[in-house]
Amino acid sequence: MTATLPSTAEAAPTTPAGGTVLDLIESHVHRHPDKTAVLCGRDQVSYRLLWDTAHEVAERLLAHGCSRGDAVALVGPGNPAFMAAALGAWLVGAAWVPIDPRLPEERLRYVLDDTGARVVLATVDGTTATGLPTEPVMVPAAPDKDSGRVERIRPHRATSDDRAYLIYTSGSTGRPKGVAVGHHGLAVHLLGALEGYGMTAEDILLSFASPSFDAAVEEMWAPLANGSTVLLRGAALWTGRQLFERVRAHGVTYISCTTAYFEAFFGEDLSQDDIDCLGSLRGIIFGGEAVNPAVVRRWANGPLGSIPVCNTYGPTETVVTATLYWIGQGWQGDRVPIGHCLPGHVSVVLDAAGREVGDGGTGELYLGGPCVAEGYLGRSDLTAERFVSLPGREGTYYRTGDLVAVQGPELLFLGRADRQVKIRGFRIELEEVEAALQAVEGVRNAIVAVEQRADGGDRLVADVVPLKPADRDDPVIFRSALRGALLRTLPDYMIPSEIRLHTDLPLGVTGKVDRARVLAETGTTR
């Protein structure tokens, strides 16, 4: 069965005319300054302390010449310092760019150069920023005495017309592309998410996402937009037992995680102690890739089936979550829909001729509304290709490249219309991995595909033709060198799990590699 969303004790907050998330958070700072805003490890940060630290950060940014419209790079894991740094950037009208310090230096340099970031803020000790080409400015652990800084900063703070942040996604041309999201769209999305999830000011949300992943935008800022509390996982990787104990210790009411985390932690039989730990939950929200319906059935028909779970879908180009589908006790479906749009988002499904698809039909999903991003930073060609106008419809729509089926008021995800994929929740353009492979010395040709495993998960595989025949004769050394070269330019989640070596790859009539034939011969899916 489809669940009704968790009951709400009060209506979701509304944004003042022309307001931003900053305005919402500031209202809670004045209303309940000593309430806990952020929990992370041993840190327990109140709204007042977070707000004061953000102003201290803003003072430092102004001292470094940062101003409205600039980009500020934030380096480090998701923690209270990261959130204070992001707020500090907004207080001076700047947009922030989350950067995972574990990324290859070449990719770090690309993002910093592409954004023209004026300042790099390190949100942990300086060793995290080792290798960055810009000297980091540390986020203060606690603010100094105010001394009038609020008055100095207020004229600079962001408005709804300013850019809020940039997040980089995999690029089909071999270059990551920066998605630019504005303050108005962010505020509208967060208020819609609060309404769609049924969250109140009394809730505590557990966030799993890294700040460089778009889901963190919703997980970090939605709770603060309605005066509730967010519990950040931080850099640590938890076991299921650690997760359950933290839910019990903090009285967590919502968990937001990737599909893979949901399947790993909640897909097996739970002990009575596990069940007792999770008793405070009002809902579990997951997304990032298609979910195994058997796991959902197990949960919905198990001892905690009265706690609804929510399957979500949405690209970075629409902030993050655009659709949701609540699943309640007793659900017995064989495929989990991605559901219907959250408030602030609209959708239309078009066939190949551009005609709207009705109930029972399939087509490509287009997303519109105020939450659609500005476009790709400095990539007018790609922006024009993906952010489009539709005849008879107002505003800009994002062409997702995803195929969906229309089932009454709900949508069912069918797969990609292009060659973008999601592996373990990470969005990957296969062309970017191929470009990196073909740029490695010693590689003559290469294609990358997705292989579906017996357990239902997906993995990347590469079919590679070495330049020198001798490399095929010593495949262990060649594969090791190839992976090492890829790790210098790509994050680890984009490294193929298997590299298959070939004498040659078959060509089609156009002279290009016959991808369909390779996939058929190797048993990969796309």
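Colleague: Which residues in α1 meet Y47, R48 and W51 in α2?
Modeller: Happy to help. This is a predicted model, where local features need pLDDT of at least 70, side-chain atom pairs count only at pLDDT 80 or more, and totals for chains, interfaces and linings use all residues. Residues are numbered from 1 along each chain as its sequence is written, and side-chain values use heavy atoms, with hydrogens and water left out. Contact means heavy atoms within 4.5 Å, and helices are DSSP runs (H or I, at least four residues), numbered from the N terminus. The α1 residues that meet Y47, R48 and W51 are L22, I25, E26, H28 and V29.

Colleague: Are α1 and α2 oblique or parallel to each other?
Modeller: α1 (residues 21-31) and α2 (residues 47-63) pack at about 130 degrees, their axes 9 Å apart. Axes are lines fitted to C-alpha atoms, for helices over the stretch in contact, and angles run from 0 to 180 degrees between N-to-C directions. Angles under 35 degrees count as roughly parallel, over 145 as roughly antiparallel, 65 to 115 as roughly perpendicular and the rest as oblique. The two helices are therefore oblique.

Colleague: Which are the edge strands of the open sheet?
Modeller: Good one! Strands are DSSP runs of E, at least two residues, and two of them pair if DSSP finds at least two bridges between them. The order here is β24-β25-β26, with mixed pairing. Pairing on one side only are the edge strands, β24 (443-452) and β26 (498-501).

Colleague: Which residue in β26 does V461 stand opposite?
Modeller: Strand β25 (residues 458-466) runs parallel to β26, joined by four bridges. Opposite V461 stands E498.
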